Amino acid sequence: MGNLLKVLTREIENYPHFFLDFENAQPTEGEREIWNQISAVLQDSESILADLQAYKGAGPEIRDAIQNPNDIQLQEKAWNAVCPLVVRLKRFYEFSIRLEKALQSLLESLTCPPYTPTQHLEREQALAKEFAEILHFTLRFDELKMRNPAIQNDFSYYRRTISRNRINNMHLDIENEVNNEMANRMSLFYAEATPMLKTLSNATMHFVSENKTLPIENTTDCLSTMTSVCKVMLETPESCVFTSEETLMFCMRVMKGCIKVLKEQAPDSVEGLLNALRFTTKHLNDESTSKQIRAMLQ
């Protein structure tokens, strides 16, 4: 039980093989119910990312419609191009709600007494892996969203057109799919530079506020412990049996995701944890260290 703790406190010379098994972890009977719930959500994550990566937007159609406001054909062409895209954006948004609920279930399992977050992560590695997969997905989603300005342009055009038609007492069929309330919530979501990270941060803060009997340190320690484990595995590859470059990149993203969520929490509850990471990361200033990681911890 103390092996993972020894890794976290840098006593790794005599304990070279303790890590979170992101490649092979399988749920125990005690984990299975929660694991199944989270798995049902995560099984859609790759299709969400593939759909987002393939998102091209309706830029040319919108531009033509704006430049030719009296051309009914161009207006219809732009509208017909935008509507299916808005339905896709709704799917992404609805997935964020499912992910938020999944994270809260995981936090409940990984922070509850009598075990510490460190003990939970070591004992329940399949749940720890799902926690990592949520963080990994979050960073990948936000990276794709930030590189695609068409998302906000398309949605802005959609809302302007809906508002104009509402003034003219016109009801469009898509409003049955994306009504005004849904559009408002989607607008707030996509206005964020990193909407999935914001979702996770909100989920974490909501979990803390709803579980007042649970020390806040249990939640923040869960994130910092995950970060520390990833840090040690990346710094000491001889202690890790990962053979896949993809898994090492996964580990890097998870570490980055943990730090980002931690930094969104109340400063007085996490500054000590972030300082611990700053001052124990021996390769922090190396050229080979991710610039994003260095920037977040400096």
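1. Burial comes first. In this predicted model, 48% of the 298 residues of the protein count as buried. The exposed surface of the protein is about 15,000 Å². Carbon and sulfur atoms supply 50% of that area.

2. The fold is helical. The protein has 14 helices and zero strands. Read from the N terminus, every element is therefore an α in the run α-α-α-α-α-α-α-α-α-α-α-α-α-α.

3. Long-range contacts carry weight in the count. Take the contacts in the protein with a separation of 6 or more: 78% of them join residues 24 or more positions apart.

4. Aromatic pairs deserve a look. The structure holds nine of them. One is formed by Trp79 and Tyr158, and it is stacked, at 5.6 Å centre to centre with 5° between the planes. Trp79 lies in helix α5 (residues 72-111) and Tyr158 in helix α8 (residues 150-167), so this pair ties together parts that are 79 residues apart in sequence. Trp79 is buried, with a relative accessible area of 15%. Tyr158 is buried too, with a relative accessible area of 1%.

5. A second pair has another geometry. Phe92 and Phe141 sit edge-to-face: 6.1 Å centre to centre, 85° between the planes. Phe92 belongs to helix α5 and Phe141 to helix α7 (residues 125-146). The two are 49 residues apart, and the pair links distant parts of the chain. Both Phe92 and Phe141 are buried.

6. The rings also join up. Ring pairs link Trp79, Phe92, Tyr93, Phe95, Phe137, Phe141, Phe155, Tyr158, Phe189 and Tyr190 into a cluster. Both pairs described above have their residues in this cluster, namely Trp79 and Tyr158, and Phe92 and Phe141.

Note on methods. Residues numbered from 1 in each chain as written. Predicted model: local features only at pLDDT ≥ 70, side-chain atom pairs only at ≥ 80, totals over all residues. Heavy atoms only, no water. Helix = DSSP H or I, 4+ residues; strand = E, 2+ residues; numbered from the N terminus. Buried < 20%, exposed > 50% of the residue type's maximum accessible area, 1.4 Å probe, protein only. Contact = heavy atoms within 4.5 Å. Areas by Shrake-Rupley, 256 points an atom, 1.4 Å probe, with all protein chains shown as cover. Phe/Tyr/Trp six-rings, centres within 6.5 Å; stacked < 30°, edge-to-face > 60°.
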